[in-house]
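Good morning, colleagues. Please take a moment with the sequence and the structure before I begin. I shall start in the interior and work outwards.

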Amino acid sequence: MERGIAMFNGVHEDRLREECGVIGIFNRDEKHLAKQLYYGLYALQHRGQESAGIATTDGKQTRCHKGMGLVPEVFNEEDLKRLPGTIGIGHVRYSTAGESQAVNAQPLVAKYRGGSIALAHNGNLVNAALLRKKLEEDGVIFQTTIDSEVIVNLIARYSRDGIVEAIERTMDLIKGAYALVMMTDKSLIGVRDPLGLRPLCLGKKDEGYVLASESCALETIGATLIRDIEPGEMVLINGDQVESHRIAKEKSRASCIFEYVYFARPDSQIDGVHVYEARIETGKMLAKEHPVEADIVIAVPDSSIAAALGYSKASGIPFVEGLIKNRYVGRTFIQPDQATREAAVNLKLSPVRSNIQGKRIILVDDSIVRGTTSQRIVRMLKNAGAKEVHMRISSPPVAYSCYFGIDTPDREKLVGATHTVDEICRKIGADSLRYISVEGLVQATGLPKEHFCLACFNGRYPIEVPESSNEKMFKRWEGDGNA
C-alpha cells in the first residue's frame, strides 16, 4: 500500500498508525453473531477508524455490510439483523493517504470453485505490486487497490486441492506482514505471517471460538484467551474442532515492538506479555536511563500514561494530569490554513494550568515521528506557565520507514532520520530531550531481542523490502503449471 502521513480530523498528526484490526467468530448461536462481531470491532476501533465491515455466513449464503467511518457510524441495529449466520468475520481499517475509499473497505467477499470466501487482512505485503501485475497478466480483474485482494485471488487460484493447500501455496508467494481471518461456507480460518509481524490470538466463547488482533476484543465479548497464533501457523475452525497447521516456519521471528509502545490497547496481552505492564516497565527504564530534576511528570494522553506512571514510580517525582484530551472532536473538522490547523491541535489537547504553572515538567510521550505535534505541545505547556519542559520518549528515534503495515512517511520526513537528538530538542523547543535505548525498550517487554522487528530504529529489515526478491518469486510462480 502507498504510505502516507497519519491524519486526524484532516490534521497531519505526529503519530505512527496501525493499518487494521480483524476479528472472526464461529458460534452456533446465529441470533447474536453479528452483534458479537460488532462489539469486538468496537474494542479494536483504535487500530482503524476509516472503515468497518462484517461478513457472515449460514453455510448457504454469505452476507456482508461495510462502509466508511467508525463502527457505530457504519452499523445500526437493522444492519446487524440482516447479518445472520454461524460464522462471521469483521474488520476495521486505517487507510493511508489517497486510499480512503469505500471500495477498499473490508472484508472482501468472493466466489471461488469451493464456494464463497471472505477475508479480512491486517498488514502489508512488500511484493503486492508485482503479484498484482502477474495476476493481471493472467487475466485477473481487480476491484480494489489493496493487498488483500491479491491474497484472495491467489487462494482462489490454488483452491483445486482444498483450502489448506491453497493457503499454503499462497503463503509461499506472499511476502510481508499479515494477520488474516477468513471464512468459507463451513470454516473460520486464521493465519499469521511466518515472522509473526502482526498479532493474532485465539479465544473460546461458549461452544465457539474467536480470532482477533488483540485479546481486548475477546474480553469485550466474554471470550477467554487460549493462546496467540504462532508465526507461520494456520488454524482451521469447524464447530468445536480446531486444527493447527504449521505452514511456514522461519528460523527467526520479528514481531512489531510498537504494539507494546503504542498500537495495542493497554489491556491487551500479546505473545504472553501484558501491554500495560510492558509500558510501565518502559517508563521505569526511561527514568533509569535518563533522569532529570523536575517537579512533576505528565503524559501525552492516552497511550503514554502508563509509561509516565512508570517514570514517576522509578524517579519518585509525582505524576499529575498536565494535558487533557478532548475525545469528542468531530471527524469532519476542516482546516484550510496553518492557523486553523494549530487550532485543531488545541481542540484535541489542552493544558491544566493549575497543575503546570511555574513547574519543571517531565513530559513523557511514546514517539516522535515528524516533530510537529511535539513542538506544538511544548509551546502550549510553556504558554501555560511551565518553567521547564523535559521531554522523555518511550521508544528510540524512528529513523527508518516501515514496509510491513505501519503508516510511516518517507524516510526524509522522519525527524529521527534527518536530525540529531540535540537538533530535534531545539526544533521542538524543549529544555531537554532523551529517548529510551533499544536495549532498554526490549528489556521492558521481558522478551528477547530476537523476538522483535526493530527496523524502524536500526534499518535492519527482517525481510527483503519492496521488489528486491522478484526473481525468486517469479521462479516459484512459473513452477505452478496449470494451477
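**From the core to the sheets**

In the largest nonpolar core there are 47 residues, and those with the most contacts inside it are Leu-197, Phe-258, Tyr-260, Phe-404 and Phe-457. Several elements each supply at least two residues of this core, among them helix H8 (258-263), helix H9 (275-289), helix H10 (305-315) and helix H16 (438-445). Strands that do so include S20 (296-299) and S23 (360-365). In soluble globular proteins, nonpolar side chains tend to be buried together.

Let us look at Phe-404 in particular. Which residues is Phe-404 in contact with, leaving aside its neighbours within four places in sequence? They are Gly-123, Asn-124, Val-126, Gly-176, Ala-177, Leu-197, Arg-198, Cys-453, Tyr-461, Pro-462, Ile-463 and Val-465. Another core, of 31 residues, lies apart from the largest one, and its members include Leu-119, Ile-163, Leu-173 and Val-191.

I should say at once that this is a predicted model. The mean pLDDT of the chain is 87, and 87% of the residues reach 70 or more. Residues 1-12 have a pLDDT below 50, although this stretch has 54 contacts in the model beyond near neighbours in sequence. Over residues 330-338 the pLDDT also stays under 50, and here the model has 17 contacts beyond four places in sequence. Where pLDDT is low, the predicted coordinates should not be read in detail.

As for the chain as a whole, its secondary structure comes to 18 helices and 27 strands. Of its 483 residues, 58% count as buried. Among contacts in the chain with a separation of 6 or more, 70% are between residues 24 or more positions apart.

I turn now to the sheets. One is an open sheet of seven strands in the order S6-S5-S7-S4-S13-S12-S14, with antiparallel pairing. Why is one side of S6 and of S14 left without a neighbour in the sheet? Strand S6 (62-68) and strand S14 (224-228) stand at the edges, and each has a single partner strand. From one strand to the next, the twist averages 15°. Within this sheet, S5 (residues 51-57) and S7 (residues 87-93) pair in the antiparallel sense over seven bridges, and Thr-57 has Ile-87 in S7 as its bridge partner. Helix H1 (residues 33-43) lies across S4, S5, S7 and S12, and runs at about 25° to S7.

A further open sheet has six strands, in the order S8-S9-S10-S11-S15-S16, and its pairing is antiparallel. Here S8 and strand S16 (241-246) stand at the edges with a single partner strand each, so one side of each has no neighbour in the sheet. Neighbouring strands are turned by 20° against each other on average, direction ignored.

At one edge, S8 (residues 108-112) and S9 (residues 115-125) run antiparallel and are joined by five bridges. These strands form a hairpin with two residues between them, and Tyr-112 has Gly-115 in S9 as its bridge partner. Five bridges also join S10 (residues 176-183) to S11 (residues 188-192), again antiparallel, with Met-182 opposite Ile-189 in S11.

Two helices lie across this six-stranded sheet. H5 (residues 147-157) lies across S8, S9 and S10, at about 135° to S9. H6 (residues 163-173) lies across S8, S9, S10, S11, S15 and S16, at about 20° to S11.

Helix H15 (residues 421-428) offers a smaller example of packing. Its buried residues are Ile-424, Cys-425 and Ile-428. They cover an arc of only 105° around the axis, which means that they are on the same side of H15. Their cover includes helix H13 (372-383), strand S24 (388-393), helix H14 (415-418) and strand S26 (432-435). Just after H15, Gly-429 takes a positive phi of about 80°.

Finally, some backbone details. Most residues other than glycine have a negative phi, and most peptide bonds are trans. The bond from Gln-106 to Pro-107 is cis, with omega near 10°, and Pro-107 is in the loop between S7 and S8. Pro-301 and Asp-302 are likewise joined by a cis peptide bond, with omega about 0°.

Two aspartates have a positive phi. Asp-206, in the loop between S12 and S13, has a phi of about 50°. Asp-271, in the loop between S18 and S19, has a phi near 50°. Is each of them buried or exposed? Asp-206 counts as exposed, at 55% relative accessibility, whereas Asp-271 counts as buried, at 14%.

Note on methods:
Residues are numbered from 1 along each chain as its sequence is written. Side-chain values use heavy atoms; hydrogens and water are left out. Two strands pair if DSSP finds at least two bridges between them. Helices (H or I, at least four residues) and strands (E, at least two) are DSSP runs, numbered from the N terminus. pLDDT is the predictor's confidence in each residue, from 0 to 100. Contact means heavy atoms within 4.5 Å. Axes are lines fitted to C-alpha atoms, for helices over the stretch in contact, and angles run from 0 to 180 degrees between N-to-C directions. Buried means under 20% relative accessible area, exposed over 50%, partly exposed in between (1.4 Å probe, protein chains only). The arc is that of the directions from the helix axis to the C-beta atoms. A nonpolar core is a set of buried Ala, Val, Leu, Ile, Met, Phe, Trp, Tyr and Cys residues joined through side-chain atoms within 4.5 Å.
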